[in-house]
Amino acid sequence: MSEIPFSIAESNPQYPPFAVVTESDHSAWIIIATPLCLSCILIFSLINVFIRQTNRVRAGLDEACLASATVLACIQSSVVLGACAKGLGKSIELLSDRSLIKVQQLYYVSNLLFVVSLGLSKISVAFLLLRLTPQKEHMRILHGIIASMAVWTVASTFTVALQCNLSHPWILIQESCPGVFLRLKLISVFDIAFELSLVGVTIYLVSDLKAALDMKWTVIFAFSMRLPLIVAIGFRLATFNVAGLTTNPTILQAEYITWTQTELAYSIIAATIPRLRPFIKKLATNYGANPANGYGGGHANETGDEQQSGSLQMLTLRPKGKGDEYNYRIWSGGVPGKTDVASVGSCDSQHMIIQKDLAWEVDPDPNRRIGSV
């Protein structure tokens, strides 16, 4: 039997790339960066929701601000992608007059959403620190930072909104926008200052803790994850094309838009990282807060009457006649009403008392309490 010759044509199809960067089209940078940043935002948001559901944490102003920032960031990313579908990232020669106006409108809206979302993400971190400290001095500082951030967010929003011709501020091409880069630099300077202040307040906050050094470094590390934002802010400023803003912004600002998306995404991610349970537990425990119950607790007065607010109750013990500087916060787990307050009524007696400096780490599980000298 003769063999029938046959041949198998090996197919090696070459699919066109998802996006191509050419001299007249830089939309690939935006199209790739924006969904990637949006995916990271959604992943960390789901992690935050999982943590809250697992630990049954009560939502506070910090969570409300972070949730609002996340929602606005998702909308902002969708607007940017919609602008790319209309021609953002491409040279104006490739766009029709109608598409060009639509792209500028969408880009204008995305910038406003970016500023508001960025500001809310910063404020959420300040509110988180505020919930974790009972010290009045810390609270005054944090209230000042929150107020400054709110003013900066509103002022930056108006600065971006009124950048060029007030009759149609979204139009950039062939318009006069005096001082636009100076305003951007001022916004960025305050942006960096707020990031440094958040880290500085964290260091100041943990410096007063009676806790192990490694525990303090863990907390500082969690909040210091915001510092890489300074790099993104720097690249965002460096890639801003002043001349191209009014000549061909759809393509010449493509790299700037990419760094804008990066900064927004990382700001929300960095606001989520300190909420991870290992970091929160180390700080909240030492400041008399309960991470499993919204960083809060109850307190008892000097007669032993207890006010409950969670599975762990916080007792505020103050010797009679002493000021606030003699406040002591003690955690007691277990059944309400079973707290040990026998030593409260000692009438300031120091006889037959052995004093020790103790550093306590409290676990939400009442069956696993550990105290170390």
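The following exchange concerns a predicted model and asks how some of its features earn their names.

Me: What makes the contact between the side chains of Glu175 and His168 a polar contact?

Reply: The separation given for these two side chains is 3.0 Å. A polar contact requires a pair of N or O atoms within 3.5 Å, one able to donate a hydrogen and the other to accept it. The pair is therefore called a polar contact, its 3.0 Å lying within that cut-off.

Me: Where does Glu175 lie, and which residues does Glu175 touch, not counting residues up to four places away in sequence?

Reply: Glu175 belongs to the loop between helix 4 and helix 5. Its partners are Asn165, His168 and Thr246. Contact means heavy atoms within 4.5 Å, so each of the three has heavy atoms within that distance of Glu175. For Asn165, which is 10 residues apart from Glu175 along the chain, the C-alpha atoms are separated by 6.9 Å.

Me: Why are Arg52 and Glu63 counted as charged in the lining of the second largest pocket?

Reply: Both residues line that pocket, and Arg and Glu belong to the charged class, so they are counted there. The lining as a whole divides into four nonpolar, four polar and two charged residues. Helix 1 (27–55), helix 2 (61–86) and helix 9 (254–272) each supply at least two of the lining residues.

Me: How do you know that Met149 is buried?

Reply: Met149 is a member of the largest nonpolar core, which has 41 residues. Such a core is a set of buried residues, so Met149 has under 20% relative accessible area. Leaving aside neighbours within four places in sequence, Met149 is in contact with Lys122, Ile123, Ala126, Phe194 and Leu198.

Terms used
Residues numbered from 1 in each chain as written. Predicted model: local features only at pLDDT ≥ 70, side-chain atom pairs only at ≥ 80, totals over all residues. Heavy atoms only, no water. 1 Å grid on protein atoms, 1.4 Å probe; cavity = no way out; pocket = protein on both sides within 12 Å on 5 of 7 lines; lining within 4 Å. Core = buried A, V, L, I, M, F, W, Y, C linked by side-chain atoms within 4.5 Å. Buried < 20%, exposed > 50% of the residue type's maximum accessible area, 1.4 Å probe, protein only.
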